[in-house]
Amino acid sequence: MIEGILQYYPHLKEELDIDYVDFARPRMAVVELLGEENQGCPVLIIHPEENPEMDLSYFKRHEQLLFIDSAELIARYLAVKFGIALPHP
């Protein structure tokens, strides 16, 4: 789903810092940021102060970072943040 959004809205690739990780676990790049228990993908990680005007109540917290690891919630965030359409189910 997220790859489809990025293909449909290619300008998001310039707005986001996108890193790809291997499918096999442990996904060390994600573990280093969010801990071993939160290495699911896709995952969107933000700093809380980057979005003071947005409702971030659906994000999880790990130390100073907020994250969501659900494609549907990532799509919701991108729609609000960048004014794109939500994917159709």
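## A tour of the predicted model

Begin with the whole protein chain in view: with 89 residues, a compact globule would have a radius of gyration near 12 Å, and the protein chain has 13 Å, which agrees. What you are looking at is a predicted model, and its C-alpha atoms fill a box of roughly 35 × 30 × 25 Å, taken along the principal axes. Of the 89 residues, 37% count as buried.

Next, colour the chain by secondary structure and follow the cartoon from the N terminus, where the elements run α-α-α-β-β-β-α, giving four helices and three strands.

Now select the three strands, which form an open sheet in the order β1-β3-β2 with antiparallel pairing. The edge strands are β1 and β2 (60–62), each of which pairs on one side only, and the twist averages 30° from one strand to the next. Strands of a sheet pair through backbone hydrogen bonds, either parallel or antiparallel.

Keep β3 (residues 65–68) selected and look towards β2, with which β3 pairs in the antiparallel sense over three bridges. Here K60 has F67 as its bridge partner in β3, while R61 stands opposite L66. If you then trace the backbone between β2 and β3, you will find a hairpin with two residues between the strands, and E63 in the turn has a positive phi of about 55°.

Turn next to β1 (44–46), which pairs with β3 in the antiparallel sense, again over three bridges. Show I46 as sticks, and you can find its bridge partner L66 in β3.

Which residues cover the two sides of β3? Show the side chains of the strand, and you will see L65 and F67 on one side and L66 and I68 on the other, all of them buried. In a regular strand the side chains alternate between the two faces of the sheet.

Finally, switch on a surface and look for the largest pocket, in which about 950 Å³ of space lies. Of the 31 residues that line this pocket, the closest to its centre are D17, I18, D19, V43 and L44, so select these five to find the middle of the space. To see where the walls come from, add α1 (2–8), α3 (28–34), β1 and α4 (71–82), each of which supplies at least two residues of the lining; α4 gives the most, with five residues. Coloured by residue class, the lining divides into 21 nonpolar, two polar and eight charged residues.

How values were computed. Residues numbered from 1 in each chain as written. Predicted model: local features only at pLDDT ≥ 70, side-chain atom pairs only at ≥ 80, totals over all residues. Heavy atoms only, no water. 1 Å grid on protein atoms, 1.4 Å probe; cavity = no way out; pocket = protein on both sides within 12 Å on 5 of 7 lines; lining within 4 Å. Points joined across faces, edges and corners; volume = space filled by probe spheres on them. Nonpolar A, V, L, I, M, F, W, Y, C, P; charged D, E, K, R; others polar. Pairing = 2+ DSSP bridges. Axes fitted to C-alpha atoms, helices over the stretch in contact; angles between N-to-C directions. Rg over C-alpha atoms; globule rule 2.2 N^0.38 Å. Buried < 20%, exposed > 50% of the residue type's maximum accessible area, 1.4 Å probe, protein only.
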